[in-house]
Amino acid sequence: FLMKQYALDYGVDGIRSNAVNADRIRSGLLTKDMIKNRSKARGLNEDDYMASNLLKREVAVEDVAKAFVYLASAESTTGTVITVDGGNTSAFVR
């Protein structure tokens, strides 16, 4: 809702407010050790853990980058959050 509030506050000034909500991306935030521990806790190998979404494929950093590029080029879009997680059903409410 923060993006929607920013859109309400700054839209009058022509400032757009959008966000990308990504999950399970191999990055500096989700380290190798975290992937190892989380997959083990769920009884999965690391590749299966990273692909445990509705699309059954790992979400790549390129997928997230495309969402950012899209939002940057969507000049009439504000107050939007694009979720890039392959369909993580545990996180549908976010």
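## Working around Arg-24 and Arg-26

Arg-24 counts as buried, because its relative accessibility is 16% (buried is under 20% relative accessible area, exposed over 50%, partly exposed in between, using a 1.4 Å probe and protein chains only). The model you're looking at is predicted, so local features need pLDDT of at least 70 and side-chain atom pairs pLDDT 80 or more, while totals for chains, interfaces and linings use all residues. Residues are numbered from 1 along each chain as its sequence is written, and side-chain values use heavy atoms, leaving out hydrogens and water.

**Exercise 1.** Find where Arg-24 sits and what is unusual about its phi.

*Solution.* Start with the place: Arg-24 is in the loop between strand 1 and helix 2 (helices, H or I with at least four residues, and strands, E with at least two, are DSSP runs numbered from the N terminus). Next, check the backbone. Most residues other than glycine have a negative phi. Arg-24 isn't a glycine, yet its phi is positive, about 55°. Now try Lys-56: here too phi is positive at about 55°, again without glycine. Lys-56 belongs to the loop between helix 3 and helix 4, and it is exposed, at 63% relative accessible area.

**Exercise 2.** Work out which residues pair with Arg-26 in salt bridges, and which parts of the chain they link.

*Solution.* Side chains of opposite charge can pair when their charged atoms come close. The cut-off here is a side-chain nitrogen of Lys or Arg within 4 Å of a carboxyl oxygen of Asp or Glu. One partner is Asp-47, at 3.6 Å from N to O. Arg-26 lies in the loop between strand 1 (18-22) and helix 2 (32-41), and Asp-47 in helix 3 (residues 46-50), so this pair ties together parts 21 residues apart in sequence. Another partner is Glu-58, with the closest N and O atoms 2.6 Å apart. That pair links distant parts of the chain too, since Glu-58 is in the loop between helix 3 and helix 4 (61-73), 32 residues away. On exposure, Glu-58 is partly exposed at 27%. Put the pairs together, and shared partners join Arg-26, Asp-47 and Glu-58 into one network.

The whole structure has three salt bridges; among them is Arg-57 with Asp-63, at 3.3 Å from N to O.

**Exercise 3.** Describe the largest cavity: its volume, its lining and the mix of residue types.

*Solution.* First, the term: on a 1 Å grid over the protein atoms alone, a cavity is a set of points where a 1.4 Å probe fits but cannot get out, and lining residues have an atom within 4 Å of a point. Points are joined across faces, edges and corners, and the volume is the space filled by probe spheres set on them. The search finds one cavity of 30 Å³ or more, and the largest cavity holds about 50 Å³. Its lining includes Arg-24, Met-50 and Asn-88. Sort the lining and you get four nonpolar, three polar and three charged residues (Ala, Val, Leu, Ile, Met, Phe, Trp, Tyr, Cys and Pro count as nonpolar, Asp, Glu, Lys and Arg as charged, and the others, Gly among them, as polar).

To finish, look at Ile-25, in the loop between strand 1 and helix 2. Ile-25 is buried, at 11%, and its C-alpha atom is 7.9 Å from that of Met-50, 25 residues apart along the chain.

Methods. 1 Å grid on protein atoms, 1.4 Å probe; cavity = no way out; pocket = protein on both sides within 12 Å on 5 of 7 lines; lining within 4 Å.
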